[in-house]
Amino acid sequence: MDGLIEDLAALVFASHAALVMDSREGDRDPAVLFARVTRRTLRLVAGGPAFGRLLFDAGLPVDRFIGGLRMAMAGDIAAGAAAGVFRIDDVEIAISLTAGAILGASLDLHRGALPLAAVDAVTARLLESLGVAGDRAAALVAE
């Protein structure tokens, strides 16, 4: 059973990684990339029960999802901080807090505590937590 769960986890997280890579095409602005990856990740969990059920109800190791989020966001957050797009004091803390917030919002979306319509607001708030102005964050999530 443990081997089956590990194989299923690898498949689920490989699917998420492919989705993230697809989101990264066509732009190099770290804020744009962050908004796309975050919105797609949250919509994946909220858009249908299958991914959320596998992630939160089937006993898959959530730390793999967190690791994937960290990998997907780390470069963009670091690049955004270096370019002044994100105004943060500590890149590693920003990555940790952001990954945790996405995990928490994903669980709330899956359980119905947040509606699907909240994905854009969550993404905008995360951008604002990285120091993006509110009007720019709103424009990014409306892309």
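**Close-up views of an all-helix chain**

**View 1. Helices α2 and α6 pack together.** In this predicted model, α2 (residues 30-46) and α6 (residues 119-129) pack with their axes 9 Å apart, at an angle of about 145°. The crossing of α2 past α6 is right-handed. On the α2 side, the residues that take part are A31, F34, A35, T38, R39, L42 and R43, and they meet V119, D120, V122, T123, L126 and L127 of α6. Sort the residues of this contact by kind and you get 8 nonpolar, 2 polar and 3 charged.

**View 2. The largest nonpolar core brings in residues from several helices.** This core holds 31 residues, and those with the most contacts inside it are F34, L42, M73, I77, F86, L127 and L140. Two or more residues come from each of α2, α3 (49-57), α4 (62-83), α5 (91-111), α6 and α7 (134-141). Helix α5 gives the largest share, with 7 residues.

**View 3. I77 and its neighbours.** Leave out residues up to four places away in sequence, and I77 touches F34, F86, I88, V91, A94, I95, T98 and L130. Both I77 and F34 are among the residues with the most contacts inside the largest nonpolar core.

**View 4. Stepping back to the chain.** There are 7 helices and 0 strands here, so to speak a run of α-α-α-α-α-α-α from the N terminus on. Of the 143 residues, 39% are buried. Among contacts between residues at least 6 apart in sequence, 70% join residues at least 24 apart. The accessible surface comes to about 7100 Å², and carbon and sulfur atoms account for 60% of that.

How values were computed
Residues numbered from 1 in each chain as written. Predicted model: local features only at pLDDT ≥ 70, side-chain atom pairs only at ≥ 80, totals over all residues. Heavy atoms only, no water. Axes fitted to C-alpha atoms, helices over the stretch in contact; angles between N-to-C directions. Helix = DSSP H or I, 4+ residues; strand = E, 2+ residues; numbered from the N terminus. Left-handed = near helix turned anticlockwise from the far one by under 90°. Contact = heavy atoms within 4.5 Å. Nonpolar A, V, L, I, M, F, W, Y, C, P; charged D, E, K, R; others polar. Buried < 20%, exposed > 50% of the residue type's maximum accessible area, 1.4 Å probe, protein only. Areas by Shrake-Rupley, 256 points an atom, 1.4 Å probe, with all protein chains shown as cover. Core = buried A, V, L, I, M, F, W, Y, C linked by side-chain atoms within 4.5 Å.
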